[in-house]
Amino acid sequence: MQQIKLSENEIIESANHSSKGNQPKWFVNGIWYKADHMGYEGLAEVVISKLLAKTNITNFVSYEPVKIEFGYHNRSGCYSNNFLKKGDELIPLERLHRLYKKIGLSRKLREFENANDRIKYTVDFVQEVTNIKKFGEYLTAMIEIDAFFLNEDRHTNNIAIIRNPDTNVFSLCPYFDQGLSLLSDLEGFWLDGDTDKHIMRVTAKPFGTFKVQTSASQELYGKQLKINFSMTDVDVILDELKEYYNDEIIDRVRYVIEKQLKNKALE
């Protein structure tokens with residue numbers, strides 16, 4: 001088990017809060033640490049990144065598990081290397097849209113009646129102001145990943161691009177921030193509840209329901225995500241996390257992924 005002691009006074013306040021709160025996080029020697037806040041966000045980050053390594057997706061943040069001691073707390077969590085190069089700036093789409101259009105993207109999207117128009121507007125806007133190519137394919141893969149792993153927190157502040165201020169060149173950001181996936185919020189999806197009903201209750205963001213925004217983005221830009229992992233791969237990953245999380249959590253995550261794989265096979 002990996003453990004680290006961090007200062008409660010050095011917790012970094014994020015300007016881009018989750019709609020369900022904000023995880024304690026630290027940046028130490030080029031590494032980001034995040035402690036669990038709602039339930040088992042660290043497990044979700046680790047499992048998803050390790051499973052993405054067994055897909056056709058290559059541009060994603062890799063997470064590892066860790067126990068974090070801070071103040072009077074001792075919580076499980078995760079850590080990852082900083083993916084920004086020196087001087088690079090991470091710009092959420094919410095902020096990017098406000099810079100160019102004077103209103104936030106989330107507010108602008110309310111003007112459109114359907115997911116197709118919301119997604120197309122977002123893609124066209126990003127490609128116009130950044131010259132990034134194939135942002136539609138990039139966004140579609142993100143939507144597919146979120147739908148499979150039931151990410152309930154993909155708001156417009158955690159879809160982002162990278163800007164080099166010296167050259168003013170923009171680039172795609174690796175996929176990140178899957179912590180509120182796999183029913184990790186134990187306050188909203190309690191462990192002694194019906195897991196199948198919990199799955200049905202997960203609400204997608206920011207363009208529509210999981211089914212609606214996935215279908216819309218695939219219609220516009222084609223299917224992107226190719227899953228190559230099996231439950232054997234899932235079991236290997238979950239076995240490595242039993243030092244950090246109890247069997248009840250491990251079993252539920254296994255159940256959710258197995259069900260999602262079965263649903264995927266029926267598509």
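Biologist: Let's begin with Phe-229: is this residue buried or exposed?

Modeller: A word first: this is a predicted model, where local features need pLDDT of at least 70 and side-chain atom pairs count only at pLDDT 80 or more, while totals for chains, interfaces and linings use all residues. Residues are numbered from 1 along each chain as its sequence is written, and side-chain values use heavy atoms, with hydrogens and water left out. Buried means under 20% relative accessible area, exposed means over 50%, and partly exposed is in between (1.4 Å probe, protein chains only). Phe-229 has a relative accessibility of 7%, so it counts as buried.

Biologist: How many Å separate Phe-229 and Leu-51 in space, C-alpha to C-alpha?

Modeller: Phe-229 sits in the loop between H7 and helix H8 (231–240); helices (H or I, at least four residues) and strands (E, at least two) are DSSP runs, numbered from the N terminus. Leaving out residues up to four places away in sequence, Phe-229 touches several residues, including Leu-51, Phe-148 and Ile-257, where contact means heavy atoms within 4.5 Å. Phe-229 and Leu-51 are 178 residues apart in sequence, yet their C-alpha distance is 6.8 Å.

Biologist: Tyr-221 is in helix H7. Which residue is 84 residues apart from Tyr-221 in sequence and 5.6 Å apart in space?

Modeller: Neighbours within four places aside, Tyr-221 is in contact with Ile-119, Lys-120, Val-123, Gly-136, Glu-137 and Thr-140. The one that matches your two numbers, with the distance taken C-alpha to C-alpha, is Glu-137.

Biologist: What percentage of the chain's contacts with a separation of 6 or more joins residues 24 or more positions apart?

Modeller: You have just seen one long step in sequence, from Tyr-221 to Glu-137, 84 residues apart. Over the chain, for contacts with a separation of 6 or more, the share from residues 24 or more positions apart is 70%.

Biologist: Why are the buried residues of helix H2 on the same side of it?

Modeller: In H2 (residues 93–101), the buried ones are Leu-93, Glu-94, Leu-96 and His-97. They are on the same side of H2 because they cover a limited arc around the axis, based on the directions from the helix axis to the C-beta atoms. Their cover includes strand S6 (89–92), helix H4 (115–130) and helix H5 (135–149). The arc is only 165°.

Biologist: Leu-183 and Asn-168 both have a phi near 60°. Which one is partly exposed?

Modeller: Most residues other than glycine have a negative phi, and most peptide bonds are trans. Leu-183, in the loop between S8 and H6, has 2% relative accessibility and therefore counts as buried. In the loop between S7 and S8 we find Asn-168. At 43% relative accessibility, the partly exposed residue is Asn-168.

Biologist: Which residue does a cis peptide bond join to Lys-205?

Modeller: Look in the loop between helix H6 (195–201) and helix H7 (210–221), where Pro-206 is found. Omega is about -5° for the cis bond that joins Lys-205 to Pro-206.

Biologist: Now the whole chain: what is its radius of gyration?

Modeller: The chain has nine helices and eight strands. The globule rule (2.2 Å times the number of residues to the power 0.38, with the radius taken over C-alpha atoms) gives 18 Å for 267 residues, and the chain is close to that, so it is as compact as a globular protein of that length. Buried residues make up 49% of the chain. The radius of gyration is 18 Å.
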